[in-house]
Amino acid sequence: MGHSAMYKFFIETYGCQMNAYDSNIIAALMTMAGFERTYESSDADILIFYTCNVREKAAKKVFSNIGLLRSEKTKVIAVGGCVPQAEKNMIFKCKHIDIAFGPSAYRKLPAYVSKILNDEEDRILDVELTQSSKFDCCNAERTVSRSEFVTIQEGCDNYCSYCVVPYTRGKEYSRPAADIISEVKMLLAKGAQEITLLGQNVNSYNGDAPYISIGKPRGSWNFERLLQEVAESDGLKRLRYTTSHPKDVTVGLMKKHAQIDILAPFAHIPAQSGSDRILKLMNRRYVAQEYIDKLNMFRDICPAIQFSSDFIVGFPTETADDFEDTLKLVREVGYLSSYSFKYSPRSDTPAATMSGQIHDTIKAKRLDILQRELMRSQTLHNESIVGKTMETLFDKPGKKSMQYVGKNVYMQSVIVESDIDLTGKFGMVLIEKAFKNSVFGRLV
Ligand code: 5AD
Ligand code: SF4
């Protein structure tokens, strides 16, 4: 790959934080192979799109963006992640794509790019799902920021009837604990202070324990054990994780939140719907009351805890009454923030072929109503912290000059004015004003 030093690559990432993590590793591998990263697509010889297939909107955006970002300089277009994994050969219906690679194949990307550059191959497709070897290169040296992700688990065996993840990310796989701990240590040594443990379903983590002593079985660690061990790492100031399935949130986990100070008192626990009938059709394996009871117990054990959730509106057969039940659940829980989506049929999933698909205008109307309700709750939470002093990790400059934006423990966006660059720093902020999507304060 001697010639590759002159070639520049650009990465565009879509979708969840696991994709952001994968993209960081891809950038590290490309750099190690001698390619140079650029943040200007027009300056890149190689365009890499790392994609999401969870909803149709995200999947479609890739194809339009390939058209937008392609330039005279472009020599290679590689599309990776969940779209090629789900669409296999179909991906090549876009004639500009040279390489299509699934979420387990990125280790081989630098070699594939060289093959295309050298005209050794016309097109390359690699969508084999081999999760364990995928993580072999995660401890690769890379540029480290103050806040970093570490994937601990990937794939999902829950088969919610609307979700494509079990097909694109494969079976649940937990990385061995020793690998996770060593990656965390590497990141902390290079300056990270906040770590977010990632997985489709982190609560069902069950990875090989680090080797302990000769003659004893190795055994495995569950999520609570892993959290505890990671929390004890030197230099770690804040620990987060995402995402959780409600059925796997245990009392043990709630207790960890009460015991570990650096563990942010914030849990993303997607409810998806408040209607028991719809939850059953979604194959979620809980009823609304069980979900609410669990969150109430969480609050009893750890009073500081706040919640966020995901919701889907317009799932097949959803009636006005079912939707009302979702609104009821939202009002009862009082989420700090949430994401909500129109149901989007995905190929291979059982819900896509269910009868009773809901018309888009109804989905749009329900989404609008739900988002207003969620926004009302979010604004109330933002207002409730006015007058409090909260630790904030600043991650970027704000829209106006001399402004910096960061996140408090609850992931609320905190804006302050400062004449020194706060990027990458922790600061204590007295919250003075609340808006819908952010709060404003001053450093104390
Ligand atoms: N349609 C709409 N939303 C979906 N999600 C997953 N699959 C679909 C789908 N087919 C949402 C769920 C999930 C989040 C990541 O995306 O709410 O929690
Ligand atoms: Fe998809 Fe359900 Fe697994 Fe989440 S738990 S990734 S929604 S199948």
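**Questions on a predicted model**

Student: Which strands each supply at least two residues of the lining of the second largest pocket?

Tutor: Strand 17 (389-397), strand 18 (403-407) and strand 19 (413-417) do that. Keep in mind that this is a predicted model.

Student: What makes a residue part of the lining of the second largest pocket, and how many residues line it?

Tutor: A lining residue has an atom within 4 Å of a pocket point. By that test 13 residues line the second largest pocket, and G398, K399, V405, I415 and S438 lie nearest its centre. Strand 18 gives the largest share of the lining, three residues. The volume of this pocket is about 330 Å³.

Student: How does the lining of the second largest pocket divide by class?

Tutor: There are four nonpolar, five polar and four charged residues. Gly counts as polar, so G398 goes with the polar ones. Lys counts as charged, so K399 goes with the charged ones.

Student: Why is helix 1 called oblique to helix 4?

Tutor: Start with the angle: the axes of helix 1 (residues 17-32) and helix 4 (residues 109-117) cross at roughly 55° and come within 9 Å. That crossing makes helix 1 oblique to helix 4, because under 35 degrees would count as roughly parallel and 65 to 115 as roughly perpendicular.

Student: Which residues meet where helix 1 contacts helix 4?

Tutor: From helix 1 you have I26, L29 and M30, and they meet L109, P110 and V113 of helix 4. That contact has six nonpolar residues, with no polar and no charged ones.

Student: What residues are around ligand 2, and what puts them there?

Tutor: They are C156, N158, Y159, C160, Y162, C163, V165, P166, Q200, H245 and R284. Each counts because one of its heavy atoms lies within 4 Å of the ligand. By class, this shell has seven nonpolar, three polar and one charged. Arg counts as charged, so R284 is the charged one.

Student: What is notable about the backbone at T243 and at R285?

Tutor: The peptide bond from T242 to T243 is cis, with omega near 10°. You'll find T243 in the loop between strand 13 (238-242) and helix 9 (251-259). R285 is not a glycine, yet its phi is positive, about 65°. R285 sits in the loop between helix 10 (276-281) and helix 11 (288-301).

Notes:
Residues are numbered from 1 along each chain as its sequence is written. Chains are lettered from A and ligands numbered from 1 in the order in which they are written. This is a predicted model: local features need pLDDT of at least 70, side-chain atom pairs count only at pLDDT 80 or more; totals for chains, interfaces and linings use all residues. Side-chain values use heavy atoms; hydrogens and water are left out. On a 1 Å grid over the protein atoms alone, a cavity is a set of points where a 1.4 Å probe fits but cannot get out, and a pocket is an open set with protein on both sides within 12 Å along at least five of seven lines; lining residues have an atom within 4 Å of a point. Grid points are joined across faces, edges and corners, and a volume is the space filled by probe spheres set on the points. Helices (H or I, at least four residues) and strands (E, at least two) are DSSP runs, numbered from the N terminus. Axes are lines fitted to C-alpha atoms, for helices over the stretch in contact, and angles run from 0 to 180 degrees between N-to-C directions. Angles under 35 degrees count as roughly parallel, over 145 as roughly antiparallel, 65 to 115 as roughly perpendicular and the rest as oblique. Contact means heavy atoms within 4.5 Å.
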